[in-house]
Amino acid sequence: MSYEVLARRWRPQTFDDVVGQSHVTVTLANALRSERLSHAILLAGPRGVGKTSIARILARSLNCDEGPTEKPCGRCSPCVEIANSTSLDVQEIDAASHTGVDNVRELRDSIRYAAAPGKHRIFIIDEVHMLSQAAFNALLKTLEEPPPRSLFIFATTDPQKIPVTVLSRVQRFDLKRLGGSELLSRLRQIVASEAIEIPESVLRAIIREVDGSLRDALTLLDRLVSGFGSSISEEAAGAVLDLVDRRILLDVLDPVLERDPANALSALRRALEKGVAPTRLAADLLEEVRNHVVACIVKDPGELVQLAEEEVAEVRERARKHDVETFQRLFRVLLSRTQELGFAPRPAHALEMAVVRLATLPSSESLSALMTRLEALENGGAPGPGGGGSTRGEGSGTRPRPRGTGGAPGQRAGSPPRREVPRARAPASTPPPRRDLDQEARLRNEAKSHPLVREIIDVLDAEICEIRTHSTLPPAPALDEDPR
Ligand SMILES: Nc1ncnc2c1ncn2[C@@H]1O[C@H](COP(=O)(O)OP(=O)(O)OP(=O)(O)O)[C@@H](O)[C@H]1O
Ligand SMILES: [Mg+2]
Ligand SMILES: [Zn+2]
């Protein structure tokens with residue numbers, strides 16, 4: 001019994017059949033119509049996005065009995081032979097296994113044999129970047145002055161590796177990764193025609209996995225079909241494809257948002273016990289947090305977020321309860337704490353600590369509230385009349401405000417007990433008296449243990465990525481610098 005894999009069965013046969021890539025297919029169809037096709041074409045792009053398919057369609061367009069045409073018939077013998085890779089006029093060469101100069105010399109010799117009457121001699125060289133330098137050099141002359149009615153079509157996933165001497169002799173087309181909605185509508189079309197029953201959530205999960213490659217998506221779908229036949233459940237798909245169920249992620253995220261580290265930790269433990277790798281879990285958590293930010297700020301996030309409509313609504317609801325900034329901070333902190341997960345002796349423990357940190361982050365209002373309180377202290381040790389918020393405009397007019405201090409009202413209720421703290425900087429009118437060194441040291445120690453200073457350190461720790469990013473800003477004056 002021979003089974004033709006979905007990726008082969010669904011190879012596009014005409015330019016109209018190619019998903020996405022219209023910037024390439026429309027240009028090629030126009031060139032065919034106006035008979036201005038270049039004699040050497042380079043199709044560059046990530047894996048599984050249609051390079052080989054487009055090369056074959058182009059070959060058929062030229063050699064179809066009805067051609068040159070932008071719509072090859074698909075029935076004549078040249079069309080059928082090209083599809084089966086048996087055409088004598090169209091030669092497909094895998095450069096990965098024919099890298100040497102001898103292979104190119106053979107090719108150069110064979111190009112002299114004329115094609116069948118009215119047809120073109122076409123060479124499709126896949127993974128062309130794998131050719132050796134000598135092989136590329138041997139090609140140059142032929143590319144410069146190709147025999148009449150010949151066409152070279154190069155395909156590559158790595159165009160940087162092609163010498164500029166070759167690049168300057170070809171017309172280059174860059175294929176793009178396919179977008180989420182392009183992939184989804186093609187997968188829907190395929191499962192409907194193949195009578196495969198599969199929940200849309202699984203199709204979306206597949207799309208999240210494949211980084212814009214339709215071939216990879218079809219290969220994953222094939223794995224499911226060969227395992228479960230034509231009726232595939234969410235659970236079965238999750239087990240086979242090693243997909244991380246979104247519910248697992250939300251079980252971790254929800255307690256994080258509730259500032260409940262114990263529950264976040266046990267949800268994480270359950271996920272790890274299911275065998276999900278910590279790095280994978282971290283990446284999926286990051287994506288989940290990122291989806292919350294995107295769904296919040298983009299009106300129609302269809303292309304950006306691989307979630308069904310009701311899931312987007314649920315994400316928005318959660319994001320509304322907690323504001324976008326909270327999710328942005330969660331993302332920054334999680335990213336900075338998980339970047340080195342792969343190097344940790346026990347990555348699971350490192351991820352646990354990252355999640356605990358997320359669940360104990362100071363609230364996003366803290367920073368502005370702290371600034372208000374700092375200003376109040378600076379102005380004489382107590383918040384000014386009318387609440388902490390009113391001091392924003394009063395004591396700070398002449399001072400540049402640090403980044404990230406939003407306009408949230410000050411939190412008087414959260415102010416620390418009134419206590420002497422060293423002044424960061426005295427008002428210009430009343431310079432502080434000179435202190436002796438012992439007194440300085442005592443004050444510095446006192447400052448370090450002051451609850452307000454501790455809170456600032458906590459908040460700044462959460463913002464550490466921001467600080468690294470903005471480290472090019474001019475340094476703030478040191479605390480113990482003599483203001484005079
Ligand atoms: N743009 C597309 N439109 C329709 N089907 C596609 C497209 N891209 C990929 N496919 C599907 O994936 C299969 C493989 O595509 P193709 O061989 O053209 O990719 P490729 O870009 O040459 O990949 P590679 O870099 O791995 O050689 C096709 O047979 C088809 O089923
Ligand atoms: Mg290919
Ligand atoms: Zn034909």
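## Surroundings of ligand 1

In this predicted model, 18 residues surround ligand 1, and those that come nearest are Ala7, Lys51, Thr52, Ser53 and Arg215; a residue is near if one of its heavy atoms lies within 4 Å. The shell around ligand 1 comprises 8 nonpolar, 5 polar and 5 charged residues, where Asp, Glu, Lys and Arg count as charged and Gly as polar.

## Backbone contacts and cover

Polar contacts are pairs of N or O atoms within 3.5 Å. A nitrogen atom of ligand 1 lies 2.8 Å from a polar backbone atom of Val19, and a nitrogen atom of the ligand is 3.0 Å from one of Val49. An oxygen atom of ligand 1 is 3.1 Å from a backbone N or O atom of Trp10.

On its own, ligand 1 has 630 Å² of accessible area, of which the protein covers 95% (Shrake-Rupley method, 1.4 Å probe).

## Position between domains

Helix H3 (51–63) and helix H10 (214–228) are the elements that give two or more residues to the shell around ligand 1; helices are DSSP runs (H or I) of at least four residues. Because domain 1 (6–174) and domain 2 (180–241) both contribute residues to this shell, ligand 1 lies between them; the domain bounds come from an automatic or database assignment.

## Basis of the values

Residues are numbered from 1 along each chain, and ligands from 1 in the order in which they are written. Local features need pLDDT of at least 70, side-chain atom pairs count only at pLDDT 80 or more, and side-chain values use heavy atoms.

Note on methods. Polar contact = N/O pair within 3.5 Å; in protein donor to acceptor, adjacent residues only side chain to side chain.
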